[in-house]
2 protein chains.
Amino acid sequence: MDLQVMFDELKTHFGKLISLTPEEFAYVSSHFTSRKFRKHQFLVQQGAPVMHDFFVIKGLLKSSFVNEQGKEHILQLAMEDWWISDYQAYFNQTDATLDITCFEDVEVLCLSLANREKLCSEMHQIEYFFRKKSNAGYIALQRRILSFMNHSAAERYHELLQIYPSLAQRVPKTLLASYLGVSRETLSRLSA
Amino acid sequence: MDLQVMFDELKTHFGKLISLTPEEFAYVSSHFTSRKFRKHQFLVQQGAPVMHDFFVIKGLLKSSFVNEQGKEHILQLAMEDWWISDYQAYFNQTDATLDITCFEDVEVLCLSLANREKLCSEMHQIEYFFRKKSNAGYIALQRRILSFMNHSAAERYHELLQIYPSLAQRVPKTLLASYLGVSRETLSRLSA
DNA sequence: TGCCTAGTGTGATCTACATCACACCAAACT
DNA sequence: AGTTTGGTGTGATGTAGATCACACTAGGCA
C-alpha cells in the first residue's frame, strides 16, 4: 500500500480524538516507520526485545502467551485501526513474554518508545491522545475481566459475536476459543 | 487525619513519577477534596453518577459488580496509596455499574473528572503522570486476564499471596475468593 | 448475658468444561 | 494428482470447581 495512504489512515485515527494541522501531523508521522509482514510471521517473539508499538493499517494479528505445556492463550486480537504490542515489554523495555503473529498479510506503522515519549513531551495533543487511548483500553480490559468472572463460555462467545462481529467472521473459531479462554471443542459445541 | 498530612501522602505519590515545585503541588492539591467514610459505607453505588476518582489515604475498599442473581464479583481492591473508582462510568460520565464500598474506615482525596482534565491540560507533568498510571494499570489488567486463562484457582490464589501479601492479610478470604473468581468454599479448601 | 453478624471449615453432590480420540473437508504446496 | 496443513465437528470420559447444607468461632452490640 502507498505510504501516503497509510498515513491517511493514521491521520483519520488521530482525528477521532484530537485535531492536528497538516504540519503537525507531518511532524508526527515522521516518527513512524512502515513495515509489512506475511501470514505466520512474527512481529514480536517471546524472549526478544520489543522495539515498537504497532498501528495496524491492514491485516489481522494476535498477541498470545504460550505456556510451558505449549498451550496458547490469546491476549489480544487486532485488525485495521487497532494498536497492538507486548505492552508490558514495550513500556518497561524488557524482553517479550508474548508472541505477536499475523494470520493474514499485514501492514503496520511502527512507533518506538523513544519516539512515542518524544512526541508526548513535545506535543500536548499527542500525550492527550495516548492518555485517552490508555484509559479506554483499561476500561475494555476491566470489562473482559468481569466477563470472565460473571459469564459462562457460551455467554462470552455470544458477547464477542455481538461486540466484534467483523472480527468473529475473519478469525477462525479455534482462535476465538483461545481468546475466550475455552477449548476449541467446547466452543464448537455451542450453538451459533 | 490532618489535611496537611493527607496532602503529603499525595505529594509523595506524585513524586514517584514526576517532580513538582511546592507552588505547583499546592496548585494541584487545591483541586482535590478530602472525604471520610465509615466501614460498610458506599463511595459509589450502581446506577448513580460517579463524581470522583479516589486516592486512598487510609483504609481498605473494594469495587465490585453485583449481578442479577445477587452474586458479587470484586473487580478491584484498594488500600493506602492506590486509586479507585468506577472508571467506565467516571471517564464516560455515565451511571455506575459498580459498587465501591469500604471494609474499614476510609479517608480519601477526591478528584473530579473536570479537575483532572483541567490539571492535565494545564500541566504537562500531570498529564504525563496519569498517562503513565494508566499504562501501568493496563498492563496489570493484562496480567490478570492471562492469570485467569492460564492458572487454576490454587495458582491464582498463591500468586495473589505473593504479589500482594499485605492485602491478603487484611482482606477476609471470602473477598479474596470473589476477587479471584472462585467460590469461598473452594478457596477455603486450598492449602495456604 | 445473650444475640446477631461476619468469617471460616468441611462433607456430599452436581455440572460446565477440559481432554482424548477420531473423522471429515477445503485450500495450498509440490 | 496427491499430500500436507488448517479448520471444524462430535463422541466418551475425566475433573476442577460450583453449589447446597450444616456446624463452629469470635467480635460487636442490645
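This passage describes how two protein chains and two DNA strands are arranged in a predicted model.

The two protein chains are related by symmetry. A rotation of 180° superposes chain A on chain B, with 0.0 Å of shift along the axis. The RMSD of this superposition is 0.0 Å. This is the relation of a two-fold axis. The interface reflects that arrangement. Of the interface residues of chain A, 100% are also interface residues in chain B, so the copies meet through the same surface.

Chain A contains an open sheet of four strands. The strand order is β2-β7-β4-β5, and the pairing is antiparallel. Strands β2 (42-44) and β5 (72-78) of chain A stand at the edges. Each has a single partner strand, so one side of each is left without a neighbour in the sheet. From one strand to the next, the twist averages 30°. At the β2 edge, two bridges join β2(A) to β7(A), residues 99-102. These two strands run antiparallel. A:V44 has A:I100 as its bridge partner in β7(A). The sheet also meets the other chain. Helix α5 of chain B, residues 124-150, packs on it. This helix touches β4 (61-66) and β5 of chain A. The direction of the helix makes about 140° with that of β5(A).

Both chains contribute to the surroundings of DNA strand C. This strand is surrounded by 16 residues. The closest are A:A153 and A:T186 from chain A, with B:K173, B:R184 and B:R189 from chain B. Of the atoms of DNA strand C that come within 4 Å of the protein, 44% belong to sugar and phosphate. Several polar contacts involve phosphate oxygens of the strand. One such oxygen is 2.5 Å from a side-chain N or O atom of A:T186. A phosphate oxygen is also 2.9 Å from a polar backbone atom of B:T174. For A:K71, the distance from a side-chain N or O atom to a phosphate oxygen of DNA strand C is 3.3 Å. At the level of elements, α9 of chain A, α8 (173-180) of chain B and α9 of chain B each supply at least two residues of the surface near DNA strand C. The largest share, four residues, comes from α9(B). By class, this surface has seven charged, six polar and three nonpolar residues.

DNA strand D likewise has residues of both chains around it. There are 17 residues around this strand. Those that come nearest are A:K173, A:R184, A:R189, B:S183 and B:T186. Sugar and phosphate make up 44% of the atoms of DNA strand D that come within 4 Å of the protein. Backbone and side-chain atoms of the protein both appear in the polar contacts. A polar backbone atom of B:A153 is 2.8 Å from a phosphate oxygen of DNA strand D. A polar side-chain atom of A:S188 lies 3.2 Å from a phosphate oxygen of the strand. A base is involved too: a side-chain N or O atom of B:R189 is 3.2 Å from a base oxygen of DNA strand D. The elements giving two or more residues to the surface near this strand are α8 (173-180) and α9 (184-189) of chain A, together with α9 (184-189) of chain B. This surface comprises eight charged, six polar and three nonpolar residues.

Terms used
Residues are numbered from 1 along each chain as its sequence is written. Chains are lettered from A and ligands numbered from 1 in the order in which they are written. This is a predicted model: local features need pLDDT of at least 70, side-chain atom pairs count only at pLDDT 80 or more; totals for chains, interfaces and linings use all residues. Side-chain values use heavy atoms; hydrogens and water are left out. A residue is near a molecule or strand if one of its heavy atoms lies within 4 Å of it. A polar contact is a pair of N or O atoms within 3.5 Å; within protein, one must be able to donate a hydrogen and the other to accept it, and residues adjacent in sequence count only if both atoms are side-chain atoms. Ala, Val, Leu, Ile, Met, Phe, Trp, Tyr, Cys and Pro count as nonpolar, Asp, Glu, Lys and Arg as charged, and the others, Gly among them, as polar. Copies are superposed by least squares on the C-alpha atoms of residues with pLDDT of at least 70 in both. Contact means heavy atoms within 4.5 Å. Two strands pair if DSSP finds at least two bridges between them. Axes are lines fitted to C-alpha atoms, for helices over the stretch in contact, and angles run from 0 to 180 degrees between N-to-C directions.
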